[in-house]
Amino acid sequence: MMEVTIVGGGMIVHDQVLPSFYQLERLGLVGGVTVCARRESTLRNLAGSATIREAFPKRSFRPSLEPYEQALAAMPPGNVAVIALPDHLHFEAILRALEAGHHVITVKPLVLNAADADRIEKEARQRGLFVGIEYHKRFDDRSLMARRKYRAGGFGEFRLGTAFLMEKWYYRHSNFQNWCTTGNSDAFTYIGCHYVDLVHFITGLLPASVSVYGIKDKFPNGNEGFLWTDARVIWSNGACLNVQNSLSFPDDGPGTNAQGLTLYCSTGDRGAMLRHSDQYRGIEYVYTDRPGSPGATMYAEPSPDYFQYVNLGGDGLTPAGYGYRSIEHLVRACMRVEASNDRQRTLREIDEESILATPANSRYNERVIEAARKSILNGGVTIALESEHANQTTR
């Protein structure tokens, strides 16, 4: 049974990663879980989370304050390392995990440039290890339905589209203010990469150029970040996708964020449309008191889709939603490779299936991010992407 070391203990670990692994442990798919973080307060807050403790009253993790390199080296080879660090720290942590002989699951984006992605792919391939990027929107049923219908010809060809995802204002008061600064990342790199990945996942098209206009704003600690972004992505067939992102959705707004995707398509003589209004979940609640979590409101439009706890009986609560499903599928891929008698063939099969994002089949994401960072730092100029790598799986 595979052991798990999670590197990082921030918001995504609390909201999705740790409870997903607790559920997999409950199901007997993974063994013990270690969480490695720099600050004792991070581990203490995770361990003391009332939400997680209600869902998993009998589960706990092994806390580690040692450098993650040591924590990864201490875990026997052939297990799973989960990288949940800020964007610009992924590369070194992933390499250290691979050098320690572990399969890797990382939060998106993989890294910030194509050369680093290429290095990771080669390192993992040589060692017969799986690396998967946790683009959880791929496991939203909407996305899987759209992919199947589009690739069967049900929408014709994508021509023009818009996407947006605005995170809540309270993100500015979190650890984001210490790392999501102008020199490290931006709203498009952190959030918008979901929609670049999703358009390819649905259509199979590849991005050809990108321009990103960023508006600087200050975090509460005085650090400056591109907290508002507007991106324009041109695709291999000439289609255009506009993506807007920010840390701006009002804390008093009723949902956890605002988001959606619309693609207008054509067969040449007939139009078609795909619209995912993800900010409208069909649920309206009015509580008697304001919940205590950040950004919570008395009037709420909660999402049942990404990650929720439901009571199905038995021990505690059960995670539901595509956030959990994504991690389960990534773990099963790690198990599939670890059990294989021909790891290279199994890794190629996973790449070619293109359901899970890997360094080999989603290099377009790093190429877009690399170009986007050049664009945003130069006032939004258009950056053409280099020609597609010969070994890129585009299926």
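Buried, in this tour, means under 20% relative accessible area, exposed means over 50%, and partly exposed is anything in between (1.4 Å probe, protein chains only). You're looking at a predicted model, where local features need pLDDT of at least 70, side-chain atom pairs count only at pLDDT 80 or more, and totals for chains, interfaces and linings use all residues. Residues are numbered from 1 along each chain as its sequence is written, and side-chain values use heavy atoms, with hydrogens and water left out.

**Start with the confidence colouring**

Colour the chain by pLDDT, the predictor's confidence in each residue, from 0 to 100. The chain mean is 95, and 97% of the residues reach 70 or more. Now select residues 389–395, where the pLDDT is below 50; in the model this stretch has 23 contacts beyond near neighbours in sequence, a contact being heavy atoms within 4.5 Å. Where pLDDT is low, the predicted coordinates should not be read in detail.

**Salt bridges**

Side chains of opposite charge can pair when their charged atoms come close. The rule here asks for a side-chain nitrogen of Lys or Arg within 4 Å of a carboxyl oxygen of Asp or Glu. By that rule there are 22 salt bridges.

Select E3 and R62 for one of them: their side chains meet with N to O at 3.0 Å. E3 sits in strand β1 (residues 2–7) and R62 in strand β3 (residues 62–64), so this pair ties together parts that are 59 residues apart in sequence. (Helices, H or I of at least four residues, and strands, E of at least two, are DSSP runs numbered from the N terminus.) E3 counts as partly exposed because its relative accessibility is 23%, and R62 is partly exposed too, at 41%.

Next, jump to R363 and D118. They form a salt bridge whose closest N and O atoms are 3.6 Å apart. R363 lies in helix α12 (residues 363–376) and D118 in helix α6 (residues 114–127), so the pair links parts 245 residues apart in sequence. Are these two buried or exposed? Both R363 and D118 are buried.

Stay on helix α6 and pick R125, which forms a salt bridge with D351; the closest N and O atoms are 2.5 Å apart. D351 belongs to helix α11 (residues 343–353), so here the parts tied together are 226 residues apart in sequence. R125 is partly exposed at 23% relative accessibility, while D351 is buried at 7%. Now add E121 and K122 to D118 and R363: salt bridges that share partners join these four into one network.

**Helix α5 and helix α10**

Go to E99 in helix α5 (residues 90–99). E99 is partly exposed, with a relative accessible area of 37%. Leaving aside neighbours within four places in sequence, which residues does E99 contact? They are E123 and R127. Turn on A73 as well: A73 and E99 are 26 residues apart in sequence, with 8.6 Å between their C-alpha atoms.

Then move to R332 in helix α10 (residues 322–338), which is partly exposed at 41% relative accessibility. Draw a line from R332 to L29: their C-alpha atoms are 8.4 Å apart, although 303 residues separate the two along the chain.

**Two backbone stops**

Show the backbone at K108 and P109, which are joined by a cis peptide bond with omega about -10°. P109 is in the loop between β5 (103–107) and α6.

For the other stop, select S354, in the loop between α11 and α12. Phi of S354 is near 60°, a positive value in a residue other than glycine. S354 counts as buried because its relative accessibility is 6%.

**Strands β11 and β8**

Centre on Q259 in strand β11 (residues 257–266). Q259 is buried, at 4% relative accessible area. What does the side chain of Q259 make a polar contact with? Its partner is the side chain of K137, at 2.4 Å. (A polar contact is a pair of N or O atoms within 3.5 Å; within protein, one must be able to donate a hydrogen and the other to accept it, and residues adjacent in sequence count only if both atoms are side-chain atoms.)

Finish on the surface with W169, Y213, I215 and W228, a nonpolar patch with about 390 Å² of accessible area together. Such areas come from the Shrake-Rupley method with a 1.4 Å probe, and for residues only the protein chains shown count as cover. Patches take residues with over 30% relative accessible area and no salt bridge, joining like charges within 9 Å and nonpolar side chains (Val, Leu, Ile, Met, Phe, Trp, Tyr) within 5 Å. I215 is in strand β8 (residues 207–218) and is partly exposed at 40% relative accessibility.
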